[in-house]
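Q: Please take a close look at one chain of this model. I would like its fold, its backbone oddities and its contact side in one connected account.

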Amino acid sequence: MEVEIDYDNIDVASIMDQVKKVAASRPPEPDREEPDSPAAPSGYPPPAGGGPPAGPPPSGPPGFKQKLKAKALKAMAPFFPVIRLFALPLHEELKALTRELDTTNRRLDTRFDGLAMTADDRFKDLDRAMEYIKLLHTLSHSLIVEVTKLRIELDGLKSKARILEKDMESADRRERALETRLLQ
Amino acid sequence: MTVAFVVQRYGLAINGGAELHCRWVAEHMARHWPVEVLTSCAYDYITWANHYPAGEETINGVRVRRFPVSHPRNPEKFGRLQSEILGREHREKDELAWLEEEGPTSPALLRHIMAREKEYDYFVFFSYRYWHSFHGIKAVPRKSILVPTAERDEAIGLKIFKDLFRMPRAYIYNSEEERAMIQTLSRNEGVPGLVVGVGIEVPAESSGERFREKHGLRGPYLIYLGRIDRNKGCHKLFDYFLRFKADTGSDVKLVLIGNSILPIPAHPDIVPLGFQPEQDKFDGLAGAELLVMPSFYESLSMVMLEAWALGRPVLANARCDVLQGQCRRSNGGLYYDDYPQFREALRLLLGSPRLREALGENGRRYFAANYTWDIIERKYLDLVGRLEGRS
């Protein structure tokens with residue numbers, strides 16, 4: 001797969017899309033990421049075997065030294081799980097876990113931008129909704145104030161009507177009294 | 001109009017990113033406004049121990065007022081506090097305790113800002129994460145302009161900064177990505193801000209041949225400029241470069257310019273040259289096939305701008321969104337996520353002089369359109385003009 005480039009109108013984004021495709025089309029390599037610290041030297045075999053750690057291969061015919069070594073290994077056998085726990089296996093597991101965390105971390109980093117953009121949109125929606133809520137709140141408040149004012153005005157008008165009624169009654173009475181006087 | 005630039009350290013011998021950025025901007029803006037720099041007496045950014053005498057001095061025509069640091073940082077205590085607040089549930093007072101230890105703690109500087117507020121029209125604070133910016137912006141929020149120089153590190157997510165990011169009167173960002181990150185974290189879209197960055201001065205002439213002769217280099221080489229540090233992704237660069245050599249049999253070399261705090265693999269094609277003068281740095285860039293930039297955390301890559309100023313293409317770490325964004329906006333470089341992409345991108349670049357030339361030319365145009373000092377100065381003037389209601 002070749003990368004096609006329009007040299008008159010260079011577009012880095014388009015070149016990089018092609019570069020990524022080329023990189024992805026190559027066979028994957030074994031993980032060769034540089035470790036954070038040099039690996040600790042160890043003479044123990046991998047933990048999967050389950051048996052006691054093997055020493056270096058015998059250099060001569062079996063004799064007293066090898067018998068002694070075999071007995072020593074047999075005597076130490078109950079302690080091998082502890083030795084493995086404190087030496088190699090835990091270290092290997094930690095290294096594997098660290099590598100896994102590192103990979104996950106990178107994946108999270110790459111997702112971060114997308115998520116940030118999505119979150120950004122959601123925040124904008126949220127902000128808009130909050131503005132609407134604020135407007136509705138203001139509207140409700142204004143309505144309550146207006147209704148209260150109208151109620152007060154109504155009460156005032158009722159009082160005025162009552163006063164006018166009494167004035168009318170009083171005027172009627174006066175009218176009748178004046179009429180009586182005039183007729184007399 | 002008098003403008004104060006407030007920064008954690010200041011001096012000709014200080015080459016830290018934000019500090020150098022501040023010095024260059026202050027020196028250039030001194031042509032337009034009366035400018036003062038308010039800073040601490042510190043030189044060492046690990047302990048902030050007082051080094052320079054307190055008081056006034058003039059550096060390259062700019063008046064500098066230094067204030068003593070009340071207590072130096074205890075790196076052990078700081079490390080412990082940092083791992084606690086970044087790794088565990090905590091309260092706001094823990095974050096404030098971390099900030100006290102982060103420093104440079106200078107109550108005298110803060111007192112000066114509060115007492116003389118009326119003498120300055122604006123305070124330009126550099127680097128959001130230090131004591132001087134946090135307390136300074138809270139003291140004079142309506143006159144403060146923040147240049148955050150923020151990277152995508154964990155500290156930016158602290159609660160105290162979320163509130164802080166809503167306080168300044170305006171922002172000067174280094175990149176689009178930095179602005180997007182801060183706005184996403186703090187929802188401070190209402191605060192005016194401009195993406196400005198920093199200008200670069202390029203020597204009148206630079207010669208790759210002179211560099212090759214001086215250092216006995218033959219054949220094509222990539223160049224890395226900056227501190228050789230794990231935080232800058234150099235360990236990955238060494239790994240990828242050596243794997244690339246093994247996979248492709250290429251004769252390309254990797255030239256490193258900068259102080260090293262990381263063991264450099266002993267390989268004949270990795271050439272560490274240590275710290276070099278500016279002219280040698282630009283000569284090295286001029287002679288390189290491309291600049292490689294493996295850093296994971298940047299708010300703006302000045303060396304990428306320098307490479308583009310000389311028309312050299314770059315190969316950058318795509319895991320840093322700022323670097324990737326710079327490459328995409330300029331069309332001046334390629335980027336990689338992992339080793340297979342590094343291998344293919346580098347193979348493509350080394351195999352095509354025409355592509356290198358086209359990317360370099362795009363980079364040169366991008367630099368000329370955005371990062372010459374005339375443009376940077378104009379953007380600062382425009383922003384202040386907007387704040388003053390002049391535009």
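A: The account below follows chain B from its early strands to the side that touches chain A.

First, the ground rules. This is a predicted model: local features need pLDDT of at least 70, side-chain atom pairs count only at pLDDT 80 or more, and totals for chains, interfaces and linings use all residues. Residues are numbered from 1 along each chain as its sequence is written, while chains are lettered from A and ligands numbered from 1 in the order in which they are written.

Start with strand 2 (residues 35–40) of chain B. Helices (H or I, at least four residues) and strands (E, at least two) are DSSP runs, numbered from the N terminus. Six of the six residues of strand 2 are buried. Buried means that 20 or more other C-beta atoms lie within 10 Å of a residue's own; exposed means 12 or fewer, and partly exposed is in between, with C-beta atoms placed from the backbone. V35(B), V37(B) and T39(B) point one way from the strand. E36(B), L38(B) and S40(B) point the other way. Both sets are buried.

Strand 2 of chain B has parallel partners. Two strands pair if DSSP finds at least two bridges between them. Strand 1 (residues 3–7) and strand 2 pair over five bridges. Here V7(B) has T39(B) as its bridge partner. Strand 4 (residues 62–67) also runs parallel to strand 2, again joined by five bridges. In that pairing, E36(B) stands opposite R63(B). Strand 1, helix 1 (residues 17–29) and strand 2 of chain B form a right-handed β-α-β unit. Right-handed means that, with the strands pointing away from the viewer, the path from the first strand over the helix to the second runs clockwise.

Next come some backbone details in the loops. The peptide bond from G103(B) to P104(B) is cis, with omega near -10°. P104(B) sits in the loop between helix 3 (92–102) and helix 4 (107–115) of chain B. S127(B) has a positive phi near 70°, although this residue is not glycine. Its loop links strand 5 (122–126) and helix 5 (131–139) of chain B. S127(B) has 23 other C-beta atoms within 10 Å, so this residue is buried.

R187(B) is another non-glycine residue with positive phi, near 55°. This arginine lies in the loop between helix 7 (176–186) and strand 8 (193–195) of chain B. R187(B) is partly exposed, because 16 C-beta neighbours lie inside 10 Å. K162(B) is 25 residues away in sequence, yet 8.6 Å away in space, C-alpha to C-alpha. K162(B) belongs to helix 6 (residues 159–164) of chain B. With 15 C-beta neighbours inside 10 Å, K162(B) is partly exposed. Not counting residues up to four places away in sequence, K162(B) touches L185(B) and S186(B). Touching here means contact: the C-beta atoms, placed from the backbone, lie within 7 Å.

Now the later sheet. Six strands of chain B form an open sheet in the order 11-10-9-12-13-14, with parallel pairing. Strand 11 (270–272) and strand 14 are at the edges with a single partner strand each, so one side of each lacks a neighbour in the sheet. On average, neighbouring strands are turned by 25° against each other, direction ignored. Within this sheet, strand 12 (residues 290–293) and strand 13 (residues 314–317) run parallel and share three bridges. There, V292(B) stands opposite L315(B).

Helix 12 (321–330) of chain B is mostly covered, with seven of its 10 residues buried. Among them are V322(B), L323(B) and C327(B). D321(B) and S330(B) are buried too. N331(B) follows the helix and has a positive phi, near 55°.

Last, the contact side. In chain B, 23 residues are in contact with 21 residues of chain A. Elements of chain B that give two or more residues to this side are helix 9 (234–248), helix 12, strand 14 (333–336), helix 13 (339–351) and helix 14 (353–370). By class, the side holds nine nonpolar, six polar and eight charged residues. Ala, Val, Leu, Ile, Met, Phe, Trp, Tyr, Cys and Pro count as nonpolar, Asp, Glu, Lys and Arg as charged, and the others, Gly among them, as polar.

Keep the partner's confidence in view. Chain A has a mean pLDDT of 77, and 76% of its residues reach 70 or more. Its residues 35–60 have pLDDT below 50; beyond near neighbours in sequence, this stretch has 17 contacts in the model. The pLDDT is the predictor's confidence in each residue, from 0 to 100.

Definitions and conventions. Contact = placed C-beta atoms within 7 Å. Axes fitted to C-alpha atoms, helices over the stretch in contact; angles between N-to-C directions.
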